[in-house]
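Reader: I should like to learn how to read contacts, burial and enclosed spaces in a model. May we begin once the structure is displayed?

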Amino acid sequence: MSGHPKNAERGIWPPRRRVLAALAAALLVAGFAAWRVERHVGQARLEFRLAEVATAGEEFASVAEQAPELLGLAARQAAGEGRWREVASLYEEHAEHLPPALLAAAEVELGLNRAVGEETPEEPPPASAFERRLRRAQEVDASGVQQLLFDRRGRPLGSIGDDRSLTLEPDLPVGLVPVELATHLLPPALQPPGLAAAGPGAMSGAAGARALRLTIDRAWSRAADEALGREEGAIAIVELPSGRVLAAVSNRSRSRRWRSNGDSVLDPREPASISKLITTTAAMRAGLDPDQKIADMTCRGSVLMDGERLYCAAINGRLRGLSDAMASSCNVAFARLAIDVGDRALVEEYERYGFVIGGRAGEPVPRNAVGVVHEFRHPGKRLGELSIGLEEASITPLGAALFAATLSDGRRHEPSFVLQADGLLGISPRKPAGDGPRQGREVLDPSWLPMLHESMRAVVSPGGTANRVAPKRLRVAMKTGTARDPDKPFHVNYVGFFPSDERQPPRYAFAVRVTGQPTSARVRRAGYAVTFRLLRALDRLVGEEIETASRVSPRLTGATGASK
């Protein structure tokens, strides 16, 4: 008892009071932290809402009224076009609350030349996403960049310089956007107005195309890039039916002696066995039933064509029809089918899919062409090689994705990389010009598609060359192909689309190119692994959406299947 007065005289709190004081301090710190977290979360939600509104093309005003000063300024600037007085008034109202760096950027944007206030906060608040974009727009205007590039959701991708060279954002992998985009895929005549040309006083000296929103999606592109991993190759993904390119990724590794330059999405190589699908539709066009024709065949490992033998990878024995031959990728079955079709009809079938006739091997594929057939006449064994995609033709990974798109719905699709002109902030509220439906030219009779799709689903089923490569809920239809161009390493071309069922039309087509391997067995393993990773990544992106749509959609007939 006598100890307490002494402790009190010395200024020492009793244990109970010390605990209470510590708890009070902890609660105070926690409350402050929670307040800051709530503030940042609220601002992040608002920024996300603004981005959603911009993507959907809605009116900014109602959302901007709820925004903090900085976000309201950025949102109203992005609304642009005829509202500069309103923006200037907002600037005047909130100038004293804005960070000096943002004031400088806003003055350049608005042409107000207002002096920055004398008082500068010692620790300015962290820059928001919109503030960073404003600063970036100012830097772009002074840098000589010809075009700023955003993905389809308005996220930065990179820029194209005055020399038409492509520079990606620092955090993006090198092959996430095709280097050819700067010169091959963007027409020189395309001169969309950017934010810099949207109103008086806005970034003086701006001229020509300053910002573009591409069809490329960063999330899909990252999924493709991670699926490639260290393998040398390329992946292209196309949205249906618009033909918009969501991903066009390449990886040019040189880590081993048999690896040369690698491939971009525009590099041509032999199609290999994916061409068996062209041979199949050529037979259908000739009035043949490929399922019945193949069911009457027996594969003994080779076929004699004008005195020369064309070999199969295996002795498949008696074939049970088109799906059996497609699943095992039997060379003999499709070479014999080509004999019945004839060389002229087969070459014309290639041309319908978008191949150019008469190009030389190894030469660049013309713009928007799927590939090249090197000569018109293909007698004897050369006809057999054309029927299975060897030596006589070439295809690009982008062309292979478009080829898969044609197989999905029977229409020839034109690729699209540019969605619309955008402002330098990348949050244009305008509805994308490319949002309307884009139906390609019909190439295949819709009545052929059920048999064709069934044979492609057999490829990913037990006994197929891509057994279990795809998640079930995507319902993928595929074809594999393996080849080796002269003096080059082995490569694979895998093409497919999904979903392939009777309840909803196909929505995405893809192509996987993997190369840089010394043997066919090793390149097939690498191609399978890349495709396995890619389809599981895409399943995480859209698998649930596709599965939900399948449960609520009515059964379809014709293009994707037919109920019997």
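Author: A polar contact is a pair of N or O atoms within 3.5 Å; within protein, one must be able to donate a hydrogen and the other to accept it, and residues adjacent in sequence count only if both atoms are side-chain atoms. Here, the Thr-515 side chain lies 3.0 Å from the backbone oxygen of Phe-490. This is a predicted model, in which local features need pLDDT of at least 70 and side-chain atom pairs count only at pLDDT 80 or more, while totals for chains, interfaces and linings use all residues. Residues are numbered from 1 along each chain as its sequence is written, and side-chain values use heavy atoms, with hydrogens and water left out.

Reader: Is Thr-515 buried or exposed?

Author: Buried means under 20% relative accessible area, exposed over 50%, and partly exposed in between (1.4 Å probe, protein chains only). Thr-515 has a relative accessible area of 0%, so this residue is buried.

Reader: Which residues does Thr-515 touch?

Author: Contact means heavy atoms within 4.5 Å. Leaving aside residues up to four places away in sequence, Thr-515 touches Glu-232, Asp-263, Arg-269, Pro-489, Phe-490, His-491 and Val-523.

Reader: How many cavities of 30 Å³ or more does the structure hold?

Author: On a 1 Å grid over the protein atoms alone, a cavity is a set of points where a 1.4 Å probe fits but cannot get out; lining residues have an atom within 4 Å of a point. A volume is the space filled by probe spheres set on the points. The structure holds 2 such cavities of 30 Å³ or more, and the largest has a volume of about 80 Å³. Among its 13 lining residues, Leu-266, Pro-366, Asn-368, Ala-369 and Leu-398 are the closest to its centre.

Methods
On a 1 Å grid over the protein atoms alone, a cavity is a set of points where a 1.4 Å probe fits but cannot get out, and a pocket is an open set with protein on both sides within 12 Å along at least five of seven lines; lining residues have an atom within 4 Å of a point.
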